[in-house]
Amino acid sequence: MSTNFSSLRSARATALAKLNDEIKKENTKQGADERFWKLGVDQKTKVGYARLRFLPAPTGEDVPWQRVFSHAFKLNSGWFIENCPTTLGQRPCPVCEANSKLWNGPGADKDGSQDVARERKRKLQYFCNVLIIEDPAHKENEGKVFLFKYGKKIQEKVQELCNPQFPDQIPTNPFDFWEGADFKLKAQQKDGYQNYDKSEFAEPKELFPGDDKAKEAIWEKQYSLTAFVAEDQFKNYDVIETRFLKVITGAGNDSPKTAADAIKRDAATPEDAKKLAASIDADVDAREEKKVRKTRTKKDATPAEQEAAGTAESYAAATDVPEDEDAIKSFFGEMLDEN
Ligand SMILES: [Zn+2]
């Protein structure tokens, strides 16, 4: 963000890189977002280690991290994953409202309502830029700038360094190029969740001592953090409420949007796809199709149609869970653990 004309002029060098970041973001919406770094963990021991450097606020921004509340939970009908509008201040959130009713209802502490509310509560996540110093699991990441998403526990360690509890420690800004400190991220498995208790900051040390050009080159590669709280990151109240009600009433939330999508799902064998294609108009919305199937009596459908409809239903069931379920579970599980 240029705040005056001369900074617009001087920012031209990085403008193209930023545009390319945006393009990358567009292209990665469907798959894993390559702007993010993730800790590699040993499959057997579940232990992971990396050394990273938290980086200063990016160009035109004031804070080196961005906090975002979100809801993420799974019911039989599928996952509900949405950013919580309360992130943006006093905005109402249908899920938080339902939670407070559940939490405060008569007998809520005995009938399990509070457990349900706990499961669905908003979780805090933070975003920042990091330079990967050491990544034994993925050497190719070393020396590169990534976005890093983390939870409350790591943020507590950041805050403890900024504002130490005990007088024997000097307040240190870990995000500072000159006086900051590397972070040794250490993960282990605890009670079924990834746990970061053993992570710690190294002694404060200048990044690239005496070489401000190298620091600047890193700074220019950083990603915007305020982008995570832009309007387009939050759905409006009614849309969130509709999705929420669908998930809690078991109507499913991630059914293929169109029959064509359903056919494309890789769970399909070529034969299944052919049968589906024959019985479902590719332009018909899958949800409309479901309604049609429900109202149609069995004797109206040919055996082939019945079979095809059954296949469509099993697609919907199989695809309710996002592909990256393990990653989501482990990330949000970690935050559940931290809260
Ligand atoms: Zn909420």
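Trp 65 is a handy place to enter this predicted model, and this residue sits in strand β2, which covers residues 65–75. Trp 65 counts as partly exposed because 17 C-beta neighbours fall inside 10 Å, short of the 20 needed for a buried residue. Leaving aside residues up to four places away in sequence, Trp 65 touches Tyr 126, Phe 127, Cys 128 and Leu 225. There is also Phe 148, which is 83 residues apart from Trp 65 along the chain, yet the two C-alpha atoms are separated by 9.6 Å.

Stepping back to the whole chain, the model contains twelve helices and eight strands. The chain has 339 residues, and 25% of them count as buried. As for contacts between residues at least 6 apart in sequence, 66% join residues at least 24 apart.

Phe 148 comes up again in the largest nonpolar core, a group of 27 residues. Leu 52, Val 130, Ile 132, Phe 146 and Phe 148 are the residues with the most contacts inside this core. Two or more core residues come from each of β1 (48–54), β4 (123–134), β5, α5 and β6 (182–190). Leu 52 shows what such a spot looks like: with residues up to four places away in sequence not counted, Leu 52 touches Val 130, Leu 131, Ile 132 and Ile 133, along with Asp 182, Phe 183 and Leu 185. Another core lies apart from the largest one. This other core has seven residues, including Phe 80, Ile 240, Phe 244 and Val 247.

Helix α5, one of the contributors to the largest core, runs over residues 152–162, and its buried residues are Ile 154, Val 158 and Leu 161. Seen down the helix axis, the buried residues of α5 fall within an arc of 65°, so they line one face. The spacing fits a general rule: an α-helix has 3.6 residues a turn, so residues three or four places apart point the same way. On the face of α5 turned away from the buried side, Glu 156 and Gln 159 are exposed. What do the buried residues of α5 pack against? Their partners are two strands, β5 (145–150) and β8 (200–201).

Elsewhere, two helices pair up. Helix α3 (residues 94–104) packs with helix α4 (residues 113–120) at an angle of about 155°, and their axes are 8 Å apart. An angle over 145 degrees counts as roughly antiparallel, so that is how α3 runs relative to α4. The crossing of these two helices, α3 and α4, is left-handed. On the α3 side, the residues that meet the partner helix are Val 95, Asn 99, Leu 102 and Trp 103. On the α4 side, they are Ser 113, Gln 114, Val 116, Ala 117 and Arg 120.

The loops have some quirks too. Most residues other than glycine have a negative phi. Lys 46 is not a glycine, but its phi is positive, at about 65°. This lysine, Lys 46, is found in the loop between α2 (12–27) and β1. Lys 46 is partly exposed, with 16 other C-beta atoms within 10 Å. Phe 208 also has a positive phi, near 45°, and is a residue other than glycine. The loop holding Phe 208 lies between β8 and α6 (212–220). With 15 other C-beta atoms within 10 Å, Phe 208 is partly exposed.

Tyr 223 belongs to a further loop, between α6 and α7 (237–248). Is Tyr 223 buried or exposed? Tyr 223 is buried, because 21 other C-beta atoms lie within 10 Å and 20 or more is the cut-off. Tyr 223 and Pro 58 are 165 residues apart along the chain, while their C-alpha atoms are separated by 6.6 Å.

Definitions and conventions: Residues are numbered from 1 along each chain as its sequence is written. This is a predicted model: local features need pLDDT of at least 70, side-chain atom pairs count only at pLDDT 80 or more; totals for chains, interfaces and linings use all residues. Helices (H or I, at least four residues) and strands (E, at least two) are DSSP runs, numbered from the N terminus. A residue is buried if 20 or more other C-beta atoms lie within 10 Å of its own, exposed if 12 or fewer, and partly exposed in between; C-beta atoms are placed from the backbone. Two residues are in contact if their C-beta atoms, placed from the backbone, lie within 7 Å. The arc is that of the directions from the helix axis to the C-beta atoms. A nonpolar core is a set of buried Ala, Val, Leu, Ile, Met, Phe, Trp, Tyr and Cys residues joined through C-beta atoms within 7 Å. Axes are lines fitted to C-alpha atoms, for helices over the stretch in contact, and angles run from 0 to 180 degrees between N-to-C directions. Angles under 35 degrees count as roughly parallel, over 145 as roughly antiparallel, 65 to 115 as roughly perpendicular and the rest as oblique. A crossing is left-handed if the near helix is turned anticlockwise from the far one by less than a right angle, and right-handed if clockwise.
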